[in-house]
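Here's a quick tour of a protein model, aimed at someone who likes surfaces and voids. Have a look at the structure first, then read on.

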Amino acid sequence: MGTRGWALLFVLCGTIFLEGIDVAMMAVAIPAIRSDLGLATDTAAWVMSGYVLGYAGFTLLGGRAADLLGRRRMFLLWLGVFLAFSGLGGLATEGWMLVVARFVTGVAAAFMTPAALSLITTSYAEGPRRNKALLVFAGTGAAGFSLGLVIGGLLTQLGWRWVFFAPVLLAAALLVAAVRLVPRQDGPPARRRGFDLPGVITAAGAMLLAAYTVVRLEHGLHDWPLTLVSGLAALVLAGAFVVVERRCPDPLVRLGILRQGPVVRADLGALLFLGAFFGFQFIVTLYLQELRGWSPLQTAVALIVMGVDAVLAPTLTPKLVARFGNAQVIVGGFVLAVIAYGLFLPVGMDWSYAAMFPTLFLSGLAFALAYGPLTIAATDGVTGSEQGLAGGLLTTATQFGSAIGIAAVTAVYGLASTGSGPEATLSAFRVALIVPVALVVLGALISLVSAREARRAVRRASQVSSVSASHTSANPAQRSGGISSWK
């Protein structure tokens, strides 16, 4: 790949690592922030939800903006915005200031992450080099989240404001390096006949309302009419977006990309896999802290084994993909996830860490096998001019997946909590754990469809090759390279 190639990959992977540790550290620091600033429960919840709303609401637009306005330009600009508002969050003295800072930071991530992903898919040639780069990218993001839990616990001990200031230091270093390393491959943005403003408005509105609806699901049946109205409004705006894009001569999103089966199945698989992964991690965190009384730092250290994918994704997974193909490795990842989460269903009140370890390790191994190849499949075969869009679709799927997974387990846990006391709480945890199992079972079924289609494609290619070879052997002119035709 070369020294410069690895340096560029290091910078681009640094942004997904930054995004991962930012989310993880915030999850650990919320109790300390709430206590120090005297935040109400709903305000504290919106410190987390505001980021999700900004990220999920604008990531599709962010991916397309990278294609239309320049990947390098969007990457550098929004990395700078991420840096600035993370720093402002650390200076906040009121709850509303934190919520605003987190929302804008989420918007910045929505533009920055798809731009980084599309820079990888356009900077490295399709094939083994790009696959390895994407696997490293995926593994680095997971490592950021896993290490962020531990780092967040340590920094919170020093003061919760360091949870905001630490990403500023990392973002500043990445920005300086990116100015020198990110290639000016985009050139000037292509001339367009017009800007699809109606498409922008309807897409952003639909995504924001959809993200808000998902966040509302965490409240279960509380104020359900508001959740229903926001969901219906999101559907109406999504329908309006489709109508606008069909009629627009120069659409923001070419709807034809949504008819590419492998891309759609990869995005849906990523949504289900990430939903299960983060939903499971959320429930396990509650189990360890609320039921077992473990400290945030103890919990973070216990869960760090799930970050084994950071080592395996760039080392083991490329070899498996080269040997068995993307689709088969994805199936293996989903099957391992089903086993891992299923093993945790009978969790007991006094389970030892040794009893939990197989699930934690297998879930990390499953992530290493599934997520990177899903990233490859979601961008494979997409034209260079739409790589940002493909990255935006994938990022949208992963963000909605993580939000849906956490919201679903929270809602099910709330509905299952019909009594008080440790046994009732444990019973509710067990019911909620069914959600991640169901999600990965559905994902496994979808991945099996992709594996079957991949095998059919290989057989068709083999048949075409055999027919071509037989024709060549039957035609002396072709066998001699057509020399006779030149005589």
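What follows covers a surface patch, a few single residues, and the spaces inside the model. Keep in mind that this is a predicted model.

**The greasy patch**

Let's start on the outside. Leu221, Trp224, Leu228, Leu232, Leu235 and Leu415 together make a nonpolar surface patch of about 690 Å². Which helix gives the largest share of the nonpolar patch? That's helix α8, spanning residues 224–247, with four residues. Leu415, another member of the patch, sits in helix α15, which runs over residues 387–416. Leu415 counts as exposed because its relative accessibility is 55%, and the cut-off for that label is over 50%.

**Three residues, three levels of cover**

Helix α8 also carries Ser230. Is Ser230 buried or exposed? It's buried, because its relative accessibility is 5% and anything under 20% gets that label. If you skip residues up to four places away in sequence, Ser230 touches Leu209, Tyr212 and Thr213.

Over in helix α3 (residues 71–90) you'll find Gly80. With a relative accessible area of 24%, Gly80 is partly exposed. Its C-alpha atom is 9.5 Å from that of Met112, and the two residues are 32 apart along the chain.

Here are the three side by side:

| Residue | Helix | Relative accessibility | Class |
|---|---|---|---|
| Leu415 | α15 | 55% | exposed |
| Ser230 | α8 | 5% | buried |
| Gly80 | α3 | 24% | partly exposed |

**Cavity and pocket**

Now for the voids. How many cavities of 30 Å³ or more does a search of the whole structure find? Just one, and the volume of the largest cavity is about 30 Å³. Its lining is made of Leu135, Ala138, Gly139, Ala142, Asp309, Ala313, Phe367, Ala368, Tyr371 and Gly372. The elements giving two or more residues to that lining are α5 (128–158) and α14 (353–379).

If you're after open space, the second largest pocket comes in at about 740 Å³. It's lined by 27 residues, and the closest to its centre are Leu60, Met207, Leu393, Thr396 and Phe400. Two or more lining residues each come from α7 (197–216), α8, α9 (261–291) and α15.

So helices α8 and α15 turn up again here, because both give residues to the lining of this pocket as well as holding residues named earlier: Ser230 is in α8, while Leu415 is in α15.

Notes:
Residues are numbered from 1 along each chain as its sequence is written. This is a predicted model: local features need pLDDT of at least 70, side-chain atom pairs count only at pLDDT 80 or more; totals for chains, interfaces and linings use all residues. Side-chain values use heavy atoms; hydrogens and water are left out. Patches are made of residues with over 30% relative accessible area and no salt bridge: like charges are joined within 9 Å, nonpolar side chains (Val, Leu, Ile, Met, Phe, Trp, Tyr) within 5 Å. Accessible areas come from the Shrake-Rupley method with a 1.4 Å probe; for residues, only the protein chains shown count as cover. A salt bridge is a side-chain nitrogen of Lys or Arg within 4 Å of a carboxyl oxygen of Asp or Glu. Buried means under 20% relative accessible area, exposed over 50%, partly exposed in between (1.4 Å probe, protein chains only). Contact means heavy atoms within 4.5 Å. On a 1 Å grid over the protein atoms alone, a cavity is a set of points where a 1.4 Å probe fits but cannot get out, and a pocket is an open set with protein on both sides within 12 Å along at least five of seven lines; lining residues have an atom within 4 Å of a point. Grid points are joined across faces, edges and corners, and a volume is the space filled by probe spheres set on the points.
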